[in-house]
Amino acid sequence: MSTTTRQDPSSETRRAAVYRLYAADGALLYIGSSYDPEGRCKGHQRTAWWPLVERRTDEWYDSRDIAYGEERRAIKEENPAYNFACTDQHTGPAQVQVVRQAGAAEEEAQRFMAAVEVLKQMKDPAAQARAITQVLQAQPGAVKALKGIRREYVLRQRAAKITFRAIAADLGVSVGTVQDIVRGYSGSYQDRPRTGAGKVSASETPPSK
């Protein structure tokens, strides 16, 4: 995928870009905004339309708020094929805010994963161990809460008759992971119950309400 950048971002300010994704024939597929378009696009790689992407352009602005305003205007005016927020199918400002918050959350997740990679590559074993301890001590409560929120979402999807396979694709995890989430199981694979009870097929029809 080729990339074109206008107004390169300054390293001294917290600038943000409006990025556009195009197909090989020039069709506009998606418009988004981000502090890190390259990282943000890694999240798009899980979508069904990503294989169509051949080119990206970035246009940089002085702040995320400015970029977000330009993003909304561009979506309404340019009608990209795979945007939902800010289109006629979208129902209003509340949903726009949800989408905006979700994008920010994904960026935070990407930064956390980048930090984990830095930890893994530290050369001083003692300093590495201390840093890992600090991260692990800060995470347990947050991890438990986040897993609970995710499980509630999965259970709602199952109640709405969404298959395990579809939920797995939505979350970017395996079918087995989704099944474990439903069961409330979070142990290691080796410790999983070996009995046949509770086994479910990926194509199983979800339970009715």
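# Terms put to the test

Visitor: What makes the link between the side chains of R15 and D62 a polar contact?

Guide: The side chains of R15 and D62 come to 3.4 Å. A polar contact is a pair of N or O atoms within 3.5 Å; within protein, one must be able to donate a hydrogen and the other to accept it, and residues adjacent in sequence count only if both atoms are side-chain atoms. At 3.4 Å, the R15–D62 pair therefore passes the cut-off. A word on the source: this is a predicted model, in which local features need pLDDT of at least 70 and side-chain atom pairs count only at pLDDT 80 or more, while totals for chains, interfaces and linings use all residues. Residues are numbered from 1 along each chain as its sequence is written, and side-chain values use heavy atoms, with hydrogens and water left out.

Visitor: Which backbone oxygen lies 3.4 Å from a polar atom of the R15 side chain?

Guide: That of Y61. R15 itself sits in the loop between β1 (2-6) and β2 (16-23). Helices (H or I, at least four residues) and strands (E, at least two) are DSSP runs, numbered from the N terminus.

Visitor: Why is R15 called buried?

Guide: Its relative accessibility is 15%. Buried means under 20% relative accessible area, exposed over 50%, and partly exposed in between (1.4 Å probe, protein chains only). R15 is under the limit, so the label is buried.

Visitor: Why does R64 count as buried?

Guide: R64 has 12% relative accessibility, so it is also under the cut-off. R64 lies in helix α2. Its side chain reaches the backbone oxygen of S33 at 3.1 Å.

Visitor: How do you know that the reach of α2 is close to what is expected?

Guide: Helix α2 spans residues 64-78, which is 15 residues. The expected span is 1.5 Å times one less than the number of residues. That gives 21 Å, and α2 reaches 20 Å from its first C-alpha to its last.

Visitor: Which residues of α2 are buried?

Guide: R64, A67, Y68, E71, A74 and I75. They cover an arc of only 125 degrees around the axis, so they sit on the same side of α2. The arc is taken over the directions from the helix axis to the C-beta atoms. An α-helix has 3.6 residues a turn, so residues three or four places apart point the same way. The face of α2 turned away from the buried side carries exposed D65, K76 and E77.

Visitor: What makes the phi of N79 worth a remark?

Guide: Phi of N79 is near 50 degrees, a positive value in a residue other than glycine. Most residues other than glycine have a negative phi. N79 comes just after α2, in the loop between α2 and α3 (93-121). At 59% relative accessible area it is over the limit, so N79 is exposed.

Visitor: Why does K161 count as exposed?

Guide: Its relative accessibility is 51%, over the cut-off, so the label is exposed. K161 sits in the loop between α5 (140-159) and α6 (164-171). Its phi is positive, near 70 degrees, and it is not a glycine.

Visitor: How do you know that β2 and β3 pair?

Guide: Two strands pair if DSSP finds at least two bridges between them. Six bridges join β2 to β3, so the test is met. The strands run antiparallel. V18 stands opposite S33 in β3. The two form a hairpin with four residues between them, and G26 in the turn has a positive phi of about 90 degrees.

Visitor: What makes β3 mostly covered?

Guide: In β3 (residues 28-34), seven of its seven residues are buried.

Visitor: Why is I181 called buried?

Guide: Its relative accessible area is 8%, under the limit, so I181 is buried. I181 lies in helix α7 (residues 175-183). The buried residues of α7 are V175, V178, Q179, D180 and I181. Leaving out residues up to four places away in sequence, I181 touches R150, R151, V154 and L171; contact means heavy atoms within 4.5 Å. I181 and E152 are 29 residues apart in sequence, with C-alpha atoms 9.3 Å apart. After α7 comes G184, with a positive phi near 80 degrees.

Visitor: How many helices and strands does the protein have?

Guide: Seven helices and four strands. Along the sequence they read β-β-β-α-β-α-α-α-α-α-α. Of its 209 residues, 30% count as buried.
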